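Let's take a walk through this one, starting at the ligand and working outwards into the strands. Have the viewer open as you read.

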Amino acid sequence: MSVDPSSRPEIENLLAEARTFPPSAEFSAQATATADLYAEAEADFEAFWAKRAHERISWFTPFETTLEWDLPFAKWFTGGELNVSYNCLDRHVERGLGDKVAYHWIGEPGDTRTLTYRDLLGEVCRAANALRELGVQKGDRVAIYMPMIPELPVAMLACARLGAAHTVIFGGFSAEALSDRINDAQAKVLITADGGWRRGKPVGLKHHADEALASTPSINGTIVVDRLGGGIHMVEGRDHWWHEIVARQSDVCPPVPVESEQMLYLLYTSGTTAKPKGIVHTSAGYLLQASFTHEVVFDVKPDDVYWCAADIGWVTGHSYIVYGPLANATTGVMYEGAPDTPDWDRWWQIVEDYKVSILYCAPTAIRAFMKQGETYPAKHDLSSLRVLGSVGEPINPEAWLWYHDNIGGGRAPIVDTWWQTETGAILISPLPGVTTTKPGSATFPMPGIAVDVVDAKGDSVPLGGGGYLVLKRPWPSMLRGIYGDPDRYRSTYWSRFPGMYFAGDGAKRDLDGYLWLLGRVDDVMNIAGHRISTIEIESALVDHKSVAEAAVVGKSDDITGQAIFAFVILRAGQEPSDALAVQLREHVAYVIGPIARPKYLMFTPDLPKTRSGKIMRRLLRDIAEGRVLGDTTTLADANVVDVIRDKSGSAEED
Ligand code: WTA
């Protein structure tokens, strides 16, 4: 894309935001979701969900009560019994869809696999029987630490088949992050792999797992997939190869009926303290809302080829690669590797080869493609695409328009979907056949969802104003708590505005009522669509022997939305140097994982603090952004700011 040096981005922004995109008449005419869903849900939201729970879920025992709401604790569809893997697999095979493709999988080196619903069911049964052999039962937890290979969704569904909960730990996390999560969850078994492919190179995982397992007494055994051709150390009596222990099992394993509120999974996410939160999701409500939103937001039809390009290690992959699509018997694409390997048109090659009709990805990816220019997508036939989705961070209008024109051919509607690990499913999004979109706005709450924007006192802000995003009514896929910590659940989400769920995001509502998400208002950053808290990185830095104190802020970044900027005070006797800066960055990557490696790191003799000793992050943010400084009258030593600002020009990583 050519850049006109005289162009004024802020004006472009205004123009872009003023444009509106109504759905085409052709699209609307065939769309599954129509506008009357909103009225139906508003008339009686419990009845709305109950009707869909009857229609969409195959129950072993029908539920008795739709909702028990003891704020902030919700129970949905109590009295009912189901099995999530049965709903994702068996029932489709039973009605003749056994030969339908569940996943077209593409390895980064170019190897491919095709799994039909029948194949997937057989493999899930074998994996469940293997877990059972290792002592896993209903109610247990199983940790999963894997690359993007088909055994990952198989492992998740195998847990669900037994009524055990999984906790997937993103493959980019470190050994320490892995052992922390295993210990918090008290997981019995770890399912992992020797490694996976990323940017043309094999990336090992098992050595991290080995390191983690040195301090995880709850683990009885592991199952290890051979993705890279083995060559790794296996611990006798503890480690089992997938191709041995799973392959030799029977492909029959009756699904274990569980109550609606049985825990389906735990997923750890960053909050405002150093300790990640184990977000609890349960079975029926989660499955219902994941499958409902998947169908109506993406307008999924039986012959669609749907590709969510997230990693299953994050909630987007849980809800929109595994549970939503499989419950809807959708054909999905799953890709193991990087978007630029072997070149920047890898995704577009996949879209062309598999005739992908629905693509769901993050703004970070779109901005990275945009930077490479439109010649990459232009080389491929993308005419199969009919719906495009965006998730994980605010999408800027320029990226929205680029996506719309260069990927969607100016024809495919874009659904900008807002949600969180905690919400389990999409809560704010256009309906593609109904909603007139505005580039950069996630538009309106989904049917049945009560969203408001409030001021610091909790009062609703009039149209045109900004404030805090809150949810005012329970929803079926909402988190049921933070694992083992009901007090933290209450204080994190339900105490800032009594009676309302506080999402941690700022939002603006324009005069037409459209919602514009403005990013986090707490100390959580959004790096390439991944949530990382400032304090996790600060703890990792002060964990290093040469660091006395550290403060971390997010700095805006053209590609990743935000980038990590660390201010570091060294201990007495330590000298700042480029080598030490490199070492500290690596240390953070080692403790948390490569996604947390600071892009900018600056040594400073001091940090700006209030008289009561609180670090003034607002000032640090201004410094990181190179902005004119805000008010410093509460600062203990105003000189500190000048010292830091003078140095901040040279902080970027080479
Ligand atoms: C942000 C990812 C703007 C938001 C599904 C939220 C978004 C956090 C959007 C949750 C969007 C997600 N527009 N911001 N469409 N979607 N976010 O838990 O700050 O990894 O609170 O879930 O991502 O991140 P999480």
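What follows covers the ligand site, then the strands beside it, then a separate sheet. Keep in mind that this is a predicted model.

**The ligand site**

Which residues get nearest to the ligand? There are 17 residues around the ligand, and the nearest of them are Asp416, Thr417, Thr421, Asp505 and Arg531. Sorted by character, the shell comes out as six nonpolar, six polar and five charged residues. Both domains chip in: domain 1 (25–509) and domain 2 (513–653) each supply at least three residues to the shell.

Here are three polar pairs to pull up in your viewer:

| Residue | Protein atom | Ligand atom | Distance |
|---|---|---|---|
| Gly392 | backbone N or O | nitrogen | 3.1 Å |
| Asp505 | polar side-chain atom | oxygen | 2.9 Å |
| Arg531 | side-chain N or O | oxygen | 2.8 Å |

How much of the ligand does the protein bury? On its own, the ligand exposes 530 Å², and 97% of that is buried by the protein. As for which elements do the surrounding, α12 (315–327), β20 (414–417) and β25 (515–520) are those that give two or more residues to the shell.

**Around β24**

Asp505, with its polar side-chain atom 2.9 Å from a ligand oxygen, brings us to strand β24, which spans residues 501–509. Is this strand mostly covered or mostly open? Mostly covered, with eight of its nine residues buried.

Strand β24 has two antiparallel partners to look at. One is β22 (residues 466–471), joined to β24 by five bridges; in that pairing, Val470 sits opposite Phe502. The other is β25, again antiparallel and again over five bridges, where Arg509 faces Leu515. Strands β24 and β25 make a hairpin with five residues between them, and Gly513 there adopts a positive phi near 85°. Recall that β25 is also one of the elements giving two or more residues to the ligand shell.

As background for reading side chains here, those of a regular strand alternate between the two faces of the sheet.

**The eight-stranded sheet**

Elsewhere, eight strands build an open sheet with mixed pairing, ordered β12-β11-β8-β6-β7-β14-β15-β23. Which strands sit at the edges? Those are β12 (239–241) and β23 (481–482), each pairing on one side only. For a parallel example within this sheet, check β8 (residues 189–193) against β11 (residues 221–225): five bridges link them, and Thr192 stands across from Val224.

Methods: Residues are numbered from 1 along each chain as its sequence is written. This is a predicted model: local features need pLDDT of at least 70, side-chain atom pairs count only at pLDDT 80 or more; totals for chains, interfaces and linings use all residues. Side-chain values use heavy atoms; hydrogens and water are left out. A residue is near a molecule or strand if one of its heavy atoms lies within 4 Å of it. A polar contact is a pair of N or O atoms within 3.5 Å; within protein, one must be able to donate a hydrogen and the other to accept it, and residues adjacent in sequence count only if both atoms are side-chain atoms. Accessible areas come from the Shrake-Rupley method with a 1.4 Å probe; for residues, only the protein chains shown count as cover. Helices (H or I, at least four residues) and strands (E, at least two) are DSSP runs, numbered from the N terminus. Ala, Val, Leu, Ile, Met, Phe, Trp, Tyr, Cys and Pro count as nonpolar, Asp, Glu, Lys and Arg as charged, and the others, Gly among them, as polar. Domain bounds come from an automatic or database domain assignment. Buried means under 20% relative accessible area, exposed over 50%, partly exposed in between (1.4 Å probe, protein chains only). Two strands pair if DSSP finds at least two bridges between them.
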